[in-house]
Amino acid sequence: MRTAAEEALAAGAGQVEQVAVVGSPVETLLDVVSRAEADLLVVGNRGLNSLRGRLMGSVPADVTRRSSVDVLVVHTTG
């Protein structure tokens with residue numbers, strides 16, 4: 001997380017808050033967005049190309065459907 005935060009700040013992000021949480025990915029993301037009163041949720045799409053990923057469902061798709069704020073899905077690799 002530290003590296004990602006440093007990269008975001010170096011790229012011009014005005015404010016970066018790091019939060020480590022445990023729980024269901026979708027529920028946890030939505031809870032963090034609500035608590036932080038965020039206006040944008042950025043989520044990666046890693047794992048969507050696997051059979052398991054397609055059968056289990058997509059975290060980005062679920063948060064996009066359920067979020068009360070805008071969601072930006074970023075193509076990730078590795």
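This report describes the salt bridges found in a predicted model.

## Charged pairs in the model

Side chains of opposite charge can pair when their charged atoms come close. With a salt bridge taken as a side-chain nitrogen of Lys or Arg within 4 Å of a carboxyl oxygen of Asp or Glu, the count in this predicted model comes to three.

## A bridge between two helices

Glu27 and Arg66 meet through their side chains in a salt bridge, with a distance of 2.7 Å from N to O. Because Glu27 belongs to helix α2 (residues 25–36) while Arg66 belongs to helix α4 (residues 59–66), this pair ties together parts that are 39 residues apart in sequence.

Both partners are partly exposed, Glu27 having a relative accessible area of 41% and Arg66 a relative accessibility of 47%.

## A bridge within helix α2

In helix α2, Asp31 and Arg35 are four residues apart, which means that about one helical turn separates them. These two residues form a salt bridge whose closest N and O atoms are 2.8 Å apart.

Asp31 counts as partly exposed at 35% relative accessibility, whereas Arg35, at 70%, counts as exposed.

## A bridge within helix α4

Helix α4 holds the pair Arg65 and Asp62, which are three residues apart and therefore separated by about one helical turn. Their side chains meet in a salt bridge with an N to O distance of 2.3 Å.

Arg65 is exposed, with a relative accessible area of 61%, while Asp62, with a relative accessible area of 25%, is partly exposed.

Key:
Residues numbered from 1 in each chain as written. Predicted model: local features only at pLDDT ≥ 70, side-chain atom pairs only at ≥ 80, totals over all residues. Heavy atoms only, no water. Buried < 20%, exposed > 50% of the residue type's maximum accessible area, 1.4 Å probe, protein only.
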